[in-house]
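Colleague: I am new to this structure and would like to learn how to read it feature by feature. Could we go through it together?

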Amino acid sequence: MAKRRPGKLWFKFTLFGLDWEARIVPAKSKTLDNGKTLACVLYNERAMYFSDELTLEQQRTAFVHELQHAIEEHADVDYEEAVSPEVSERCTDQIARGWLYFIRQSPAVVAF
């Protein structure tokens, strides 16, 4: 029997042909390092966890950020080989938000 995952299922999606889950967990949960982080991705579980205290817009930006991490992991991209962990996180964040803004502002391309 599969281990029960923490939190509440938000939605499921497929990435690189693999099934993933996005879940909402309490902000102070162990999953989110007792409130030290707002979201995280666990590659081996193919699961992403998000704080229940995020606004809708924060959920969106956190999701694309964690999605970008999953894509980077799949592609063996590791910015930390060239820059500090803080700069690496900003790189991931900027790329993720670029995709989010592109999707929002280009519905015809996304529909294509």
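Colleague: To begin with the pairing of strands, which residue in β2 does L9 stand opposite?

Modeller: In this model, which is predicted, L9 stands opposite R23 in β2. A second pair of this kind is T14, whose bridge partner in β2 is D19. Taken together, β1 and β2 pair in the antiparallel sense, and their pairing runs over seven bridges.

Colleague: What do β1 and β2 form, and how many residues are between them?

Modeller: The two strands form a hairpin with two residues between them. F16 lies in that loop, between β1 (8-15) and β2 (18-25), and its phi is near 55°, which is a positive value in a residue other than glycine.

Colleague: What sign of phi do most residues other than glycine have?

Modeller: Most residues other than glycine have a negative phi. Against that background F16, in the turn of the hairpin, is worth a look, with its positive phi of about 55°. D33 also has a positive phi of about 55° although it is not a glycine, and its place is in the loop between β2 and β3 (39-42).

Colleague: How should I describe the exposure of F16, with its relative accessible area of 46%, and that of D33, at 42%?

Modeller: The idea is to compare each value with two cut-offs, since buried means under 20% relative accessible area and exposed means over 50%, with partly exposed in between. F16, at 46%, is therefore partly exposed, and D33, at 42% relative accessibility, counts as partly exposed too.

Colleague: Going from the hairpin to the sheet, in what order do the four strands come?

Modeller: The order in an open sheet is read from one strand to its neighbour, and here the four strands follow one another as β1-β2-β4-β3, with mixed pairing. β1 and β3 stand at the edges with a single partner strand each, so one side of each is left without a neighbour in the sheet. Neighbouring strands of the sheet are turned against each other by 20° on average, when direction is ignored.

Colleague: Which helix packs on the sheet, and which strands does it touch?

Modeller: That helix is α1, which touches β1, β2, β3 and β4 (47-51), and its direction makes about 40° with that of β1. Two residues of α1 can serve as examples, and the first to consider is Q59, which is found in this helix. Q59 is buried, with a relative accessible area of 15%, and, leaving aside residues up to four places away in sequence, it touches W10, I24 and L54.

Colleague: And Q58, whose place is also in helix α1: what is its relative accessible area?

Modeller: The relative accessible area of Q58 is 35%, so this residue is partly exposed. Q58 also shows how sequence and space can be read side by side, for Q58 and L38 are 20 residues apart in sequence and 9.3 Å apart in space, C-alpha to C-alpha.

Colleague: How do I read the faces of a helix?

Modeller: An α-helix has 3.6 residues a turn, so residues three or four places apart point the same way. In α2, the residues S88, T92, A96 and L100 are buried. Seen down the axis of α2, its buried residues fall within an arc of 105°, so they line one face of the helix. The face turned away from this buried side carries the exposed residues E86, R90, Q94 and Q105.

Colleague: What covers the buried residues of α2, and how far does this helix reach from its first C-alpha to its last?

Modeller: What covers them includes α1 (56-74). As for its reach, α2 (residues 85-105) has 21 residues and spans 30 Å, close to the 30 Å expected at 1.5 Å a residue.

Colleague: Finally, how do the elements run along the chain from the N terminus on?

Modeller: They run β-β-β-β-α-α-α, which is to say that the chain holds three helices and four strands. For the whole chain one can compare the radius of gyration with that of a compact globule: with 112 residues such a globule would have a value near 13 Å, and the chain has 15 Å, which agrees. The C-alpha trace spans about 40 × 35 × 30 Å along its principal axes, and buried residues make up 33% of the 112 residues.

Key. Residues numbered from 1 in each chain as written. Predicted model: local features only at pLDDT ≥ 70, side-chain atom pairs only at ≥ 80, totals over all residues. Heavy atoms only, no water. Buried < 20%, exposed > 50% of the residue type's maximum accessible area, 1.4 Å probe, protein only. Expected span 1.5 Å × (residues − 1). Arc of directions from axis to C-beta. Contact = heavy atoms within 4.5 Å. Pairing = 2+ DSSP bridges. Axes fitted to C-alpha atoms, helices over the stretch in contact; angles between N-to-C directions. Rg over C-alpha atoms; globule rule 2.2 N^0.38 Å.
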